[in-house]
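I opened the notebook to record what I looked up, one topic per entry. The structure goes in first, and the entries follow.

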Amino acid sequence: MAARPTWKGYLKISLVNIPVRVFPATDAAATISFNQLHRECRTRIQQKRWCPTCQVEVPNSDLVKGYEFEKGQYVVLDEEDIAKVRPASTRVINVVQFANASAIDPVYVERPYYLAPDGQVAAEAFAVMREGMVGKAAIGKLALYGREYLVAIQPRENGLVMYTMRHASEVRAMSAIDELQTVPAKIKPDEVKLARQVIGSFETEGDLSQYRDDYQDELRKIIDAKIAGEEIVTPQEEAPPKVVNLMDALRQSLERVSATKKPLAKIAEAKAEKAAPKKRAAR
């Protein structure tokens, strides 16, 4: 099924305005979700808003927004108060600056979206700007659904990917993590050298498409078995790994990788020989 856009508008870069469509980059349907049921009758439960002081169910019309400025103390904001600062949706992604793509810290990234041209006329301008952005990231703002989003846009394949971003005030400094104060500043060069060897033995191109969500796969098997009325076998739980000496663990890791790679190399060599065309015997 073709993806459907969730938003249409314009990508504004200086005086250039490109009609674009925005598509979610992730598929929520790929993750199994559950509903809450009453154990006795298997009926889906209803969530009700309950006031513990008045002992009544509260309708939506009686709900207000409150900000807790002290423990148990609230200031109430109505829609008129919020409307004074709510940005109007403009249908424009307004680019305000460019930076090197490597400058985008992943800790600021929230959610990815794909951008595509909206119509054949926009396609050429879209392609030109995408090519001009190679190695760069556009930083912009988008007013949507009553709030302003900070976004970053980068080229990806033949399109653009847009990330909604957290503001700096939303990101906690690592210095706030007390446990990190125990990390030693001086480390042994021999251990670092061995650690790099272990890391290098696992190095690949970073292709994430080879990985599957084992938890989701096993969950789907259990669901299918339950629907079919089959018995479910509980897998044996693995024992937690033992803490061993760092150097011993690194050496054992290298030995294990080496032992694994040798038979794999022989298998690959045998396959290559089998696939190679055989030479005809001379007459």
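**Entry 1: the whole chain.** I began with burial: of the 283 residues of the protein, 18% count as buried. Buried means under 20% relative accessible area, exposed means over 50%, and partly exposed lies in between, with a 1.4 Å probe and protein chains only. I noted that this is a predicted model, in which local features need pLDDT of at least 70 and side-chain atom pairs count only at pLDDT 80 or more, while totals for chains, interfaces and linings use all residues. Residues are numbered from 1 along each chain as its sequence is written, and side-chain values use heavy atoms, with hydrogens and water left out.

I looked up the surface next. The accessible surface of the protein comes to about 24,100 Å², and 53% of this surface belongs to carbon and sulfur atoms. The areas come from the Shrake-Rupley method with a 1.4 Å probe; for residues, only the protein chains shown count as cover.

I then listed the secondary structure, which comes to 5 helices and 11 strands. Both are DSSP runs numbered from the N terminus: helices are H or I with at least four residues, and strands are E with at least two. For contacts (heavy atoms within 4.5 Å), I looked at separation along the chain. Among contacts with a separation of 6 or more, 60% are between residues 24 or more positions apart.

**Entry 2: strand β1 and its partners.** Strands pair if DSSP finds at least two bridges between them. I found β1 (residues 7-13) running antiparallel to β2 (residues 16-24), with 7 bridges joining them. One bridge partner I checked is Asn 17 in β2, which belongs to Lys 12. The two strands form a hairpin with 2 residues between them.

Ser 14 is in the loop between β1 and β2. Ser 14 has a positive phi of about 60 degrees although it is not a glycine. Is Ser 14 buried or exposed? With a relative accessible area of 55%, Ser 14 is exposed.

β1 also pairs with β7 (residues 92-100), in the parallel sense and over 4 bridges. There, Tyr 10 stands opposite Val 92 of β7.

**Entry 3: another hairpin.** I looked up β5 (residues 65-70) and β6 (residues 73-77), which pair in the antiparallel sense over 5 bridges. Glu 70 has Gln 73 in β6 as its bridge partner. This hairpin has 2 residues between the strands, and Gly 72 takes a positive phi near 80 degrees.

**Entry 4: the nonpolar cores.** A nonpolar core is a set of buried Ala, Val, Leu, Ile, Met, Phe, Trp, Tyr and Cys residues joined through side-chain atoms within 4.5 Å. Which members of the largest core touch the most other members? Of its 21 residues, they are Leu 11, Ile 93, Leu 115, Ile 153 and Met 162. At least two residues of this core come from each of β1, β2, β7, β8 (109-117), α2 (120-132), β9 (136-144), β10 (147-156) and β11 (159-165). A second, separate core has 7 residues, including Ile 104, Val 161, Tyr 163 and Met 165.

I followed Met 162 further. Not counting residues up to four places away in sequence, Met 162 touches ten residues I could list, among them Val 22, Ile 93, Leu 115, Leu 142 and Ile 153.**Entry 5: Arg 130 and Pro 155.** Arg 130 is found in helix α2. Arg 130 counts as buried because its relative accessible area is 16%. Leaving out residues up to four places away in sequence, Arg 130 touches Pro 155, Glu 157, Asn 158, Gly 159 and Leu 160.

Pro 155 is in strand β10 and is partly exposed, with a relative accessible area of 26%. How many residues apart in sequence are Pro 155 and Arg 130? They are 25 residues apart in sequence, and 5.7 Å apart in space, C-alpha to C-alpha. Besides Arg 130, Pro 155 is in contact with Met 133, Val 134, Lys 136 and Leu 160, leaving aside neighbours within four places in sequence.

**Entry 6: two loop residues.** Val 134 lies in the loop between α2 and β9. Val 134 is exposed, with a relative accessible area of 52%. I also noted its distance from Asn 100: 34 residues in sequence and 9.3 Å in space, C-alpha to C-alpha.

Glu 157 lies in the loop between β10 and β11. Glu 157 is not a glycine, yet has a positive phi of about 55 degrees. Glu 157 is exposed, with a relative accessible area of 69%.

**Entry 7: rings.** I searched for aromatic pairs and the structure holds 0. Rings of Phe, Tyr and Trp (its six-membered ring) pair if their centres lie within 6.5 Å; planes under 30 degrees apart count as stacked, over 60 as edge-to-face and the rest as tilted. I did find Arg 147 over the face of Tyr 149, at 4.1 Å from the ring centre. A charge sits over a ring if NZ of Lys or CZ of Arg is within 6 Å of the ring centre and within 35 degrees of the ring normal.
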